[in-house]
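User: Please take a close look at one part of this model: the aromatic cluster and the residues packed around it. Walk me through it in one go.

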Amino acid sequence: MTESMFINSHGVTASATFTPAAAAYGAADIISVAQAFSFTDGDGRTLRDGALIRIVSAIIKIDQTAVISGETSYSLHLYNVTPPSARADNAVWTLASADLAAYRGTLALGTPADLGAACYVKTQFSDQQDFKLTGASLFGELITTGAFTATAVARQILLYGFVV
């Protein structure tokens with residue numbers, strides 16, 4: 001084996017907060033608006049432009065004491081820039097033609113579980129979730145799977161990975 005066969009990995013993290021309106025959301029609706037995930041390494045340094053990262057896990061934390069009826073799982077659609085379509089909170093998500101060049105794929109985030117003081121889910125990705133950054137960030141739209149009436153409580157998303 002040669003040295004070039006190994007991944008030179010550096011752990012990276014990014015987070016973003018999505019706060020819905022206290023309103024009814026349908027299946028496949030956008031929670032809040034697109035948010036930036038700015039990746040940093042273990043020393044807090046911002047990644048270089050154009051880095052290739054592999055996301056290996058994600059966490060959703062919701063500071064509410066119970067899962068809301070109908071609140072099933074979430075997905076996170078990722079882009080290399082703020083989505084040009086600039087969809088609003090509570091709009092139905094669809095991949096708009098204006099977003100095609102910026103779209104990078106989706107992460108299935110799982111279903112939050114009631115842990116008492118908060119709802120929480122950690123998702124490990126077994127498949128390869130590689131994303132090439134245009135700058136130092138990815139931009140995400142958080143999408144509902146089920147229909148539910150939200151309270152105005154933030155959904156905090158944390159992404160963990162490494163530079164490939």
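Analyst: A residue counts as buried when its relative accessible area is under 20%, and as exposed when that area is over 50%. Keep that cut-off in mind for what follows. This is a predicted model.

Start with the rings. The structure holds five aromatic pairs. A pair of aromatic rings is described by the distance of the centres and the angle of the planes. Take tyrosine 25 and phenylalanine 148. Their ring centres are 6.2 Å apart and their planes meet at 25°, so this pair is stacked. Tyrosine 25 sits in strand β2 (residues 24–25) and phenylalanine 148 in strand β12 (residues 148–149), so the pair ties together parts that are 123 residues apart in sequence. Both tyrosine 25 and phenylalanine 148 are buried.

Phenylalanine 148 has another partner, tyrosine 74. That aromatic pair is edge-to-face, at 6.4 Å centre to centre and 85° between the planes. Tyrosine 74 belongs to strand β6 (residues 74–79) and phenylalanine 148 to strand β12, so here the pair ties together parts 74 residues apart in sequence. Tyr25, Tyr74 and Phe148 form one aromatic cluster. Tyrosine 74 has 2% relative accessibility and counts as buried. Phenylalanine 148 is buried too, at 4% relative accessible area.

Now the loop. Aspartate 89 is found in the loop between β6 and β7. Its relative accessible area is 27%, so aspartate 89 is partly exposed. Leaving aside neighbours within four places in sequence, aspartate 89 is in contact with Tyr25 of the cluster. The other contacts of aspartate 89 are Pro20, Ala21, Ile30, Ile31, Ser32 and Val33. One of these goes further: the side chain of aspartate 89 reaches the backbone nitrogen of serine 32 at 2.7 Å. For scale, the C-alpha atoms of aspartate 89 and phenylalanine 125 are separated by 27 Å, with their positions 36 residues apart along the chain.

Finally, the backbone. Most residues other than glycine have a negative phi. Serine 32 has a positive phi, near 70°. Serine 32 is placed in strand β3 (residues 30–38). Its relative accessible area is 10%, so serine 32 is buried. Asparagine 90 is not a glycine either, yet its phi is positive, about 75°. Asparagine 90 is found in the loop between β6 and β7 (103–110). With a relative accessible area of 26%, asparagine 90 is partly exposed.

Note on methods
Residues are numbered from 1 along each chain as its sequence is written. This is a predicted model: local features need pLDDT of at least 70, side-chain atom pairs count only at pLDDT 80 or more; totals for chains, interfaces and linings use all residues. Side-chain values use heavy atoms; hydrogens and water are left out. Rings of Phe, Tyr and Trp (its six-membered ring) pair if their centres lie within 6.5 Å; planes under 30 degrees apart count as stacked, over 60 as edge-to-face and the rest as tilted. Helices (H or I, at least four residues) and strands (E, at least two) are DSSP runs, numbered from the N terminus. Buried means under 20% relative accessible area, exposed over 50%, partly exposed in between (1.4 Å probe, protein chains only). Contact means heavy atoms within 4.5 Å. A polar contact is a pair of N or O atoms within 3.5 Å; within protein, one must be able to donate a hydrogen and the other to accept it, and residues adjacent in sequence count only if both atoms are side-chain atoms.
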